[in-house]
Structure formats: structure tokens, C-alpha cells
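Good morning, colleagues. Please look at the sequence and the structure on the screen, and I shall then take you through the charged side chains.

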Amino acid sequence: VTSFREVSDEELLRLTPKEPRAFDEFYLRHESVVLGYFRRRTESADVALDLTAETFVQALSSVRRFRGGSEPAVAWLIGIARHLLLTSIRRGKVAHRARSRLRLERIVVDDYDLERIDEIGRASAAALLESLPADQAAAVKARVLDERSYDEIAHELRCSPMVARKRVSRGLATLRNLVVDEEAS
Amino acid sequence: VSQVPALRELLQEAAERRYGRSRWRVRLHRAVAPTLAIAASGAVLISVSVMASGAGSDGLERAAAPKPAYTARITRLPSSLSAMRVLGAKVLGGPEAQAAMADAGVSGKLETAWEVPGLSGHIFLLRRGDDWCLSAPDPYGGAPADRGVTCATDRAYDRHGVSLRVGNTFAAALPQGLPSPTLRLPDGAQRELDPSANGLVVIARVADGVAVLIRSSEGTVQTNRLRITPVNRYECADGRVLTPEIVVGDPCEPTPTDLRLRPSPPLRLDGRGG
């Protein structure tokens, strides 16, 4: 059985068409980020869950179009999430096209699952960011939470856009490890 | 550990459905694996018997045999007109069309669905809002949902239809009343193309430098110049010569990869190919 634990996000997406299980690892790494993103921006855990499902299915359907290098894979994923959120708000209903295309069944969850999603939404992003080096925390906050461009971040942090990307990428990798550690302990 | 195991499970199933090995590959694997296993056992037995018979009686351990290089020589081929085909098409009826559409995961209001012998999936003409969209399968894709789509506004569709190139396949859906399009070959020669039922033109394995000219009723011409990925000619160490369109690993390597190769059919420009 192949282990994908040591494989980068970008490589996981690249491998998915040949090794569909690689996407499972990608999902596990970013499930909380996407659930939290939607829970903080929507009225209920139900809606956050539906949008999370749609986001991952859309990512799954378009992994071949992902081009690594320009941005970390998680930024690409959050880009899909943001687009879906805006589309859903504009239409007044949760987008479901990708799930329909892949014939995904309705997700059956219990109250316990919904409570956990609420908790993820309540978790303070600031608390997690405090555990990062200051330069990485500033870059991650600016990119992921404030949704600013790399050029803007570079200008504010007085570094090149390339360095800003690097800091975001390293910060996200550190956060991911922190989440894994917390779950393991 | 997943926060929502139910979603994780559904995604795993969806990933397998979307990208899992196709049935024929599984069947091929099942068919070939026992043969390979028997061949490998035989090779081991022969090696053991050779060693036991004293073939290596000089007392020195033999160096391991190098892995055979299956391909001896690769030459890039100029794109070949002989492989190009104009394909015929058949319009699908309601239930069949809807089933094909669902299978391909295509969205939009269906106008026409075509079955095109020689393609790995169906072609759809759809309405999305005010646009006309043409969806065609990717010849290099592994699933019906691997496809390309392009859209044209109402006005553009009325003038030149809607056309796209996916991999080395060209397709155009033309509204009624347009003059027949023209195929222009690299040497400048031109041939009229006869659209199939409901105005579909499909050319498979297009050659580099070919163009399809689509004329509007007012006489304006849309020129679709086609470029394709070059094809290599593989001369194998065992004497075979291959020109695969899709290269997976070393094409000269024996089964199972060379079972995927198909010979190129002769040139057909009569619109009834397949």
C-alpha cells in the first residue's frame, strides 16, 4: 500500500488521476481549513458542509488543470471555495453542479459531526497563527485570511513576491503539521 | 483523522469512479498477469537449471543481466495525412442522448447529441444561457468526462457555427444554411467537407498544417488552422516498428502496453469514415 504522507500537496494532485487514493490524503490535510473557511462565512454547519463537499468534488474533477508552481495547492483550493461561496450567495442556493456530475450521494451526518464543524468555525485562526514565526504568520494572514495578492503582500512586508509566496507556503506547511500533531496527541 | 468521515468516504468513491482503472484495463491486467507469472517462473527455473548444469563453472558469480532496452531508435515523423480521417456521425435520440450526456457529465440544455464512430465519446451541442456550446471527448483522456468544450455567442454561431480542437480531433457544429466548409491541406489543395446529420463536421487525427475554412452566408471566412503534437516512430530492438499516438512508458516494451496500440486506418475524406 502506497503511503502519501510524505508527498507534497502539488504532487498529490498530480498523482490523483493515476492513484485516486492520493486525493484522500489531500482531503485529509485540508478538510479543516475548508470547513472552517465556510463555517465562518455561512449561517450553519449544514451549509458549510455542503459547500465543502462541492469544493472538494470540483477540485477532484479539475486536478488535471492544476498547474503547480504559481501558487500553493491550498491557495488553489481556497480559490475554488471562494468562487463557490460567491456563486452560491449570488444565486441564493448552494452550488451542487460538481456533485451532480460525479453523482455524489447526499452526505448523511449526525449532530456530533455538525458540532465539530461548528467548533472548527469557532477556532481562532489567530491562535494558530501565533505558533508561526512572525514573517510567516503575517504572510499567511494576508494571503489566506485577508485574501490579498502576492504583490500587495510583498509591498507591505517589504520583500519580493517570490519571497512572499515562499513564506505563505512554509507557513501553511507548518500549520498543517501543527494540526496533525494536535490530532495525534 | 477526518472531521466528517461520511464526506471522506464519498470523496474516495468519487475519486475511484472518476479516475479508477477502467474495466478493460482491469480485465487486461487479469488476463496478462498469470501469463507473466508463468513466464517469470519459467525464467527462474531455466536460470537455476543453467547454474546447476555448470554453465558458470568458472566459479565466478555472473553479473546480473542488464535490463533490455526495448526501443532501439526513435525518429520524429512529419505529421501524416494518411492517418487523418473525416468521420461520419449519427444523431442520438432523446433517451440515448440524455444517458450519454449524464455519462459524460455535461451540463446545459441539450440541442443535439451525436454518436461518432471512431471517437471515444459523444459530441454535444448545448445551450448555456444565450451561448451555443460544443463539447467533444478528449482522445487522450481515459474517461467520457475528459472532454473539451467551447462556446460561441448567438451571433457568432449564426455566422460560423461553433468549433473546437481537442487533442488531435477537430469538431464543428454548423447551423443550417451555411455553405459546406472546406478542408485546406498543407500543400494548398482544398476539398469540400460534407457535414453529417444536423451539421456536424469531425476530423480525427488531424495533420499539422491543415486548416478548416468555414464560410458565413455573407461570405466572411473563419480559418481554423490546426496544429498537432508530432508523432514519433519507434524502431524496437525486436524488429517491430511502431508509431503510437499515445505513449505510455516504452512503446516497444512487450505486453501489456503494446496492446494499446492501434494501426492507423487509411485516409477517408468522404464523410462516411468510421
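In which helix of chain A is A:Asp111 found? A:Asp111 lies in helix α6 of chain A, which spans residues 111-122. Before I continue, please note that this is a predicted model.

With a relative accessible area of 58%, A:Asp111 is exposed, because the cut-off for that term is over 50%. A:Asp111 also belongs to a negative surface patch, together with A:Asp110, A:Glu115 and A:Glu119.

I turn now to charges that are paired. In general, side chains of opposite charge can pair when their charged atoms come close. How many salt bridges does a search of the whole structure find? Over all chains, the search finds nine. I shall present three of them.

The first to discuss joins B:Arg8 to A:Asp24, with 2.8 Å between the closest N and O atoms. This pair crosses between chains: B:Arg8 sits in helix α1 of chain B, residues 5-19, and A:Asp24 sits in helix α2 of chain A, residues 21-39. Are these two partners buried or exposed? B:Arg8 is partly exposed, at a relative accessible area of 25%, whereas A:Asp24 is buried, at 11%.

Let us stay with helix α2 of chain A. There, A:Glu25 forms a salt bridge with A:Arg29, and the closest N and O atoms are 3.1 Å apart. Why are these two residues separated by about one helical turn? The reason is that A:Glu25 and A:Arg29 are four residues apart in that helix. Both A:Glu25 and A:Arg29 are buried.

The next example is in chain B, where B:Asp154 forms a salt bridge with B:Arg127 and the closest N and O atoms are 3.5 Å apart. Here the pair links distant parts of the chain, 27 residues apart: B:Asp154 belongs to helix α4, residues 154-160, and B:Arg127 to strand β5, residues 123-128. B:Asp154 counts as partly exposed, with 36% relative accessibility. B:Arg127, by contrast, is buried, with a relative accessible area of 18%.

Finally, I return to chain A and to shared partners. Salt bridges that have partners in common join A:Asp9, A:Glu25 and A:Arg29 into one network.

To conclude, please keep two pictures in mind: the negative surface patch that includes A:Asp111, and the salt bridge that crosses from B:Arg8 in chain B to A:Asp24 in chain A. Thank you for your attention.

Technical notes: Residues numbered from 1 in each chain as written. Chains lettered and ligands numbered in written order. Predicted model: local features only at pLDDT ≥ 70, side-chain atom pairs only at ≥ 80, totals over all residues. Heavy atoms only, no water. Patch = residues over 30% accessible without salt bridge, like charges linked within 9 Å, V, L, I, M, F, W, Y side chains within 5 Å. Areas by Shrake-Rupley, 256 points an atom, 1.4 Å probe, with all protein chains shown as cover. Salt bridge = Lys/Arg side-chain N within 4 Å of Asp/Glu carboxyl O. Lys, Arg positive; Asp, Glu negative; His and termini not counted. Charge placed at Lys NZ, Arg CZ, Asp CG, Glu CD. Buried < 20%, exposed > 50% of the residue type's maximum accessible area, 1.4 Å probe, protein only.
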